[in-house]
Amino acid sequence: MAYRLLWADDEIELLNAHIIFLQGKGYEVRRVTNGLDAIEACKEEAFDLVLLDENMPGLSGLETLVQIKELLPATPVVMVTKSEEEDIMEQAIGSKIADYLIKPVNPNQILLALKKNIHHREIVTEKTNSAYQQNFGKLGMQISDSLTIEDWIDVYRKLVYWEFQLENTDQSMRELLASQREEANNMFARFIKKNYMRWMSAERKERPMMSHDLFRERIFPLIDKGEKVFLIVIDNFRYDQWRVLANEIGADFSIEDELYTSILPTATQYARNAIFAGLMPSQIKSMYPNLWVDEEEDEGKNLNEKMLIETQIARYRRRDTFSYNKVINSSLADKYIDTINNLQGNNLNILVMNFIDMLSHARTESMMVRELASDEAAYRSITLSWIRHSAVTRLFRYLAESDYTVIITTDHGSVQVNNAIKVIGDKNTNTNLRYKLGKTLNYNPKEVFEIKEPAKAMLPSPNVSTSYIFATGDDFFAYPNNYNHYVSYYKDTFQHGGISLEEMLVPLITLRPKK
């Protein structure tokens, strides 16, 4: 494929050597000597790039640029000029030029501009694919050799890194990465099956930091140092979605980025209540029975979060003043930010944001949302759109000008499910697709992680014979009756509650305004 260039310069005859050089590299070059002819050429045909002299008689380069952009808005324009005046450069940049070259230019400068603006994607794709291929074997060995939670956090970070790098490359590389992530999740599930129950009875130094440790280990120490803390809990927020948010706000904050381990089930009722209470679910039910709601009860499962925070502060004999708010839509978020100055006297302000969890459910229930968020990259793109066009931007702009230490975290993540496995339960069995609890569950033990003694996992038991089972990897539970319809409806949706890197290894971010 020959790339088409337009070169407009009133001294075009002096550039023959440059043009011959470009033709030798495979480019077709159309030459014009003034702005009007350049505009006419753009009306007649499309070009891959325009080289435009800034100082031409008649219509100036900047005037020509404006009209070319109206005709070919996506075509990169490289301004070529003798002038180094700052205002000329600013005008050109403001008119969205792709590059700026100062005369006299040499052929290699021009070639570099072409590579940056025409061939950038294919060069990046080639180099990225090559880099991933070189790292494929090394990452595969790391997946096989991971023995600690720190190893798995490193694996997950690398998988997310390559997911971003390969996002716009060819399909074969993305499929290779997907297969490597599937392998990682299978191995991670084995790791969790081997270690989770041991963690439940281990001393703190012998297990990872988990949901119920968050306040004691990250929030209270900051307050004790005299810092005012603003805690933002974004429900169902994955590490890759944090990376999207980081790109938006990173210029305004210094960032400490870590991951911690969500408890099982990776569901709001369990993990978020554990965060706010500083206790495991069975401990909450035992110590504060009026604040715990069992699965089969109709009452909302997260209506007592503020009271759970109060119990944790009181249990540690602290006197922290705090606010707790939850926003579920943009109008509530706007109202919250309008009154945010009233909260400055608190040691701790807590804000729960539910948009991403709502998006996950909407994607399951709405074919239109499912089309818009068809895969992981599209799911992140919708997250980015929410960040840019909601009160989130206002919130972080405010926090960037404040003296708060900002903590961003979540209760759990989610995973895109593909493979249905059969389970049978009675009418009281919960509806979650990634974990089940009940007294008469029928399933293949080889396909799940089962906990037959919930008390040892610090999970409540509504009945004496209650057991829990968890789906791993990209599995989800389906009932045999109406099986095909059920599977087709839930296949490729984002679910949580089970065991995967995406659900269990969740972001814990500390931001301090750069001011």
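# Why the terms apply: helix packing, burial and backbone

Biologist: Why are helices α1 and α5 called oblique to each other?

Modeller: Their axes cross at roughly 45 degrees, and angles under 35 degrees count as roughly parallel, over 145 as roughly antiparallel, 65 to 115 as roughly perpendicular and the rest as oblique. The angle of α1 and α5 falls in the rest, so the pair is oblique. The axes also come within 10 Å of each other. Axes here are lines fitted to C-alpha atoms, for helices over the stretch in contact, and angles run from 0 to 180 degrees between N-to-C directions.

Biologist: What should I know about the model before going on?

Modeller: It is a predicted model, in which local features need pLDDT of at least 70 and side-chain atom pairs count only at pLDDT 80 or more, while totals for chains, interfaces and linings use all residues. Residues are numbered from 1 along each chain as its sequence is written, and side-chain values use heavy atoms, with hydrogens and water left out.

Biologist: Where do the names α1 and α5 come from?

Modeller: Helices (H or I, at least four residues) and strands (E, at least two) are DSSP runs, numbered from the N terminus. The chain has 20 helices and 18 strands; α1 covers residues 16-24 and α5 covers residues 107-117.

Biologist: Which residues of α1 and α5 meet?

Modeller: H18, F21 and L22 of α1 are in contact (heavy atoms within 4.5 Å) with P107, N108, I110, L111 and L114 of α5. By class, 6 of these residues are nonpolar, 2 are polar and none is charged. The classes are fixed: Ala, Val, Leu, Ile, Met, Phe, Trp, Tyr, Cys and Pro are nonpolar, Asp, Glu, Lys and Arg are charged, and the others, Gly among them, are polar.

Biologist: What is the hand of the crossing of α1 and α5?

Modeller: The crossing is right-handed. That word applies if the near helix is turned clockwise from the far one by less than a right angle, and left-handed if anticlockwise.

Biologist: Why are α7 and α10 described by an angle word as well?

Modeller: Helix α7 (residues 149-165) and helix α10 (residues 239-249) cross at roughly 60 degrees, with axes that come within 10 Å. That angle is in none of the named ranges, so α7 and α10 are oblique too. Their crossing is right-handed. Y156, R157, V160 and F164 in α7 touch Y239, D240, R243 and V244 in α10. This contact has 5 nonpolar, no polar and 3 charged residues.

Biologist: How do α11 and α13 pack?

Modeller: Their axes are 7 Å apart, at an angle of about 40 degrees. From α11, R272, N273, I275, F276 and A277 take part; from α13, E305, L308, I309, Q312 and R315. The contact divides into 5 nonpolar, 2 polar and 3 charged residues.

Biologist: Which residues of α13 are buried, and what covers them?

Modeller: In α13 (residues 305-315), E305, L308, I309, T311, Q312 and I313 are buried. Their cover includes helices α9, α11 and α12 and strands β8 and β9.

Biologist: What makes T261 buried?

Modeller: Buried means under 20% relative accessible area, exposed over 50%, and partly exposed in between (1.4 Å probe, protein chains only). T261 has 1%, so it is buried. T261 belongs to strand β7 (residues 253-261). Its contacts, leaving aside neighbours within four places in sequence, are I149, W199, P208, M209, M210, S211, M504 and L505.

Biologist: Are R317 and M458 buried, partly exposed or exposed?

Modeller: R317 has 77% relative accessibility, which is over 50%, so it counts as exposed. M458 has 23%, in between the two limits, so it is partly exposed.

Biologist: What is notable in the backbone of R317 and M458?

Modeller: Phi of R317 is near 55 degrees, a positive value in a residue other than glycine. R317 is in the loop between α13 and β8. M458 is not a glycine either, and its phi is about 55 degrees; M458 is in the loop between β14 and β15.

Biologist: Which peptide bonds are cis?

Modeller: Among them are the bond joining K103 and P104, with omega about -5 degrees, and the bond from L264 to P265, with omega near -10 degrees. P104 is in the loop between β5 and α5, and P265 is in the loop between β7 and α11.

Biologist: How much of the chain is buried?

Modeller: Of its 515 residues, 54% count as buried.
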